[in-house]
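Subject: Structure handover and findings

Hi,

Here is the structure you asked for. Please load it before reading on; my notes follow it.

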Amino acid sequence: MTPPVTAPYCRFEKLGASDLDGDETLLGVIEHRTGHTGVSLAEGCPRTAVHTTTREDESFAEAWHAEGPKESGSHDGVAWARTPDYLFGVARVPEGGRYAAGTAAVYTGIFDLIGTLGYPSLARTWNYVSGINTPNADGLEVYRDFCVGRAEALDARGIDPATMPAATGIGAHGGGITCYFIAARAGDRVNMENPAVLTAHRYPQRYGPRPPVFSRATWLSPPGADDGRLFVSATAGIVGHETVHHGDVAAQCEVSLENIARVIGAENLGRHGLRRGYALADVDHLKVYVRHREDISTVRRICAERLSREATVAVLHTDIARTDLLVEIEGVVA
């Protein structure tokens, strides 16, 4: 009997965990630590380190797995590994004074790769942006510079922004821009929006010359399966398109969690054609990004009160896409 296809799953591991070596299910490893490295393809596994925290005891490895025979390679700077059903890739835009052109090149490479290899369903992307709130060489905020490049890649390939999946766009303390992604060959992929928050690609121009492009969550299930993964985008204290509770990290954290609960709840998933619903207690492998170190204890307390005691939660000290946002939260529902 052929074993069932399992959607990609994540584990948080200690840095240098020996049990990662030789793991045939390993698709990619992203280290979160106090420094960064380039992108490599080590033992058939794409790897990199992103500088997303300021204390070594908060460091960890984000290890992505999928079942099935695996092969790997590289294409236009994208290191990748794949099973018959899923593709994981990592790329980096070098640090510099401007990022739009480099971002456009990376995303164009990603779109070309998933087309060439036959994994057309882009299911999740992550973008760690060095100096995300600082001005570039032309005075444009780096995050807005990044958004211009990503949008230009969509324009070049004629991709509808509404088809872009769940995403994270968050700060890093150095190393340019690291992008990584999961794509699927087949199965169901459903992008979710939040009825209380404006769709990102419809944001007004006050947020930059080109809006961000992502969905609030993406459901991914193998062909013919009832079960799958719900990838929840990095979610902040935003209602409509505006930041709420300026300067109040506790209130922003509560709104972030309320937004996640709204997106994954039965009413919203039913609106998107899924016959199920989830609660905050179902969210696991959360990454919680906190702008100010002195706010971490408050955020940890609120997350402990609202999330499952069994959930794996990593808290990282780094900047966030808007200067008035103090916390942002992402996770996976399996």
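One cut-off before the findings: buried means under 20% relative accessible area. Please also keep in mind that this is a predicted model.

**Two buried residues**

Start with Thr103, which is found in helix 1. Its relative accessible area is 0%, so Thr103 is buried. Which residues does Thr103 touch, not counting those up to four places away in sequence? They are Val93, Phe146, Gly149, Arg150 and Ile177.

Gly171 sits in strand 10. Gly171 also counts as buried, because its relative accessibility is 0%. Leaving aside neighbours within four places in sequence, Gly171 is in contact with Thr52, Tyr128, Val129, Ile132, Thr318 and Asp319. Tyr143 is 28 residues away from Gly171 in sequence. In space, the two are 8.6 Å apart, C-alpha to C-alpha.

**The six-stranded sheet**

There is an open sheet of 6 strands. Its order is 6-7-8-11-9-10, and the pairing is mixed. Strand 6 (71-75) and strand 10 stand at the edges. Each has a single partner strand, so one side of each is left without a neighbour in the sheet. From one strand to the next, the twist averages 15 degrees.

Inside this order, strand 9 (residues 121-130) and strand 11 (residues 177-184) run antiparallel, joined by 8 bridges. Thr125 stands opposite Phe181 in strand 11.

Two helices are worth displaying with the sheet. Helix 1 (residues 100-117) lies across strand 6, strand 7 (78-82), strand 8 (86-93), strand 9 and strand 11. Helix 1 runs at about 160 degrees to strand 8. Helix 2 packs on the sheet too, touching strand 9 and strand 11. The direction of helix 2 makes about 150 degrees with that of strand 9.

**Strand 14**

How many of the residues of strand 14 are buried? The count is 8 of 8, so to speak a strand that is mostly covered.

Strand 14 pairs with strand 13 in the antiparallel sense, over 4 bridges. Here Thr218 has Phe231 in strand 14 as its bridge partner. Strand 14 also pairs with strand 19 (residues 327-333), again antiparallel, over 5 bridges. Ala236 stands opposite Glu328 in strand 19.

**The cavity**

Next, the empty space. Searching the whole structure finds 1 cavity of 30 Å³ or more. How much space lies in this largest cavity? About 50 Å³. The lining is made up of Phe12, Glu62, Trp64, Arg124, Trp126, Phe231, Val232, His285, Lys287, Glu330, Gly331 and Val332. Strand 5 (60-65), strand 9, strand 14, strand 17 (283-290) and strand 19 each give two or more residues to that lining. Strand 19 gives the most, with 3 residues. By class, the cavity lining has 6 nonpolar, 2 polar and 4 charged residues. Phe231 appears both here and as the bridge partner of Thr218.

**The pockets**

The largest pocket holds about 490 Å³ of space. Its lining has 30 residues. Which of them lie nearest the centre of the largest pocket? Tyr203, Ile238, Ala321, Arg322 and Leu325 do. At least two lining residues come from each of helix 2 (142-157), strand 10 (166-172), strand 14 (229-236), strand 16 (242-243) and helix 3 (249-264). The class split is 13 nonpolar, 8 polar and 9 charged.

The second largest pocket holds about 200 Å³. Asp188, Val190, Trp219, Ser221, Ala225, Asp226, Gly273, Leu274, Arg275 and Arg276 line this pocket. Strand 12 (188-192) and strand 13 (217-221) each supply at least two of the lining residues. Here the classes are 4 nonpolar, 2 polar and 4 charged.

**Where to look**

For a quick tour, take strand 14 as the thread. Strand 14 gives residues to the lining of the largest cavity. Strand 14 also gives residues to the lining of the largest pocket. Then turn to the second largest pocket, where strand 13 contributes to the lining.

Best wishes

Terms used. Residues numbered from 1 in each chain as written. Predicted model: local features only at pLDDT ≥ 70, side-chain atom pairs only at ≥ 80, totals over all residues. Heavy atoms only, no water. 1 Å grid on protein atoms, 1.4 Å probe; cavity = no way out; pocket = protein on both sides within 12 Å on 5 of 7 lines; lining within 4 Å. Points joined across faces, edges and corners; volume = space filled by probe spheres on them. Nonpolar A, V, L, I, M, F, W, Y, C, P; charged D, E, K, R; others polar. Pairing = 2+ DSSP bridges. Axes fitted to C-alpha atoms, helices over the stretch in contact; angles between N-to-C directions. Contact = heavy atoms within 4.5 Å. Buried < 20%, exposed > 50% of the residue type's maximum accessible area, 1.4 Å probe, protein only.
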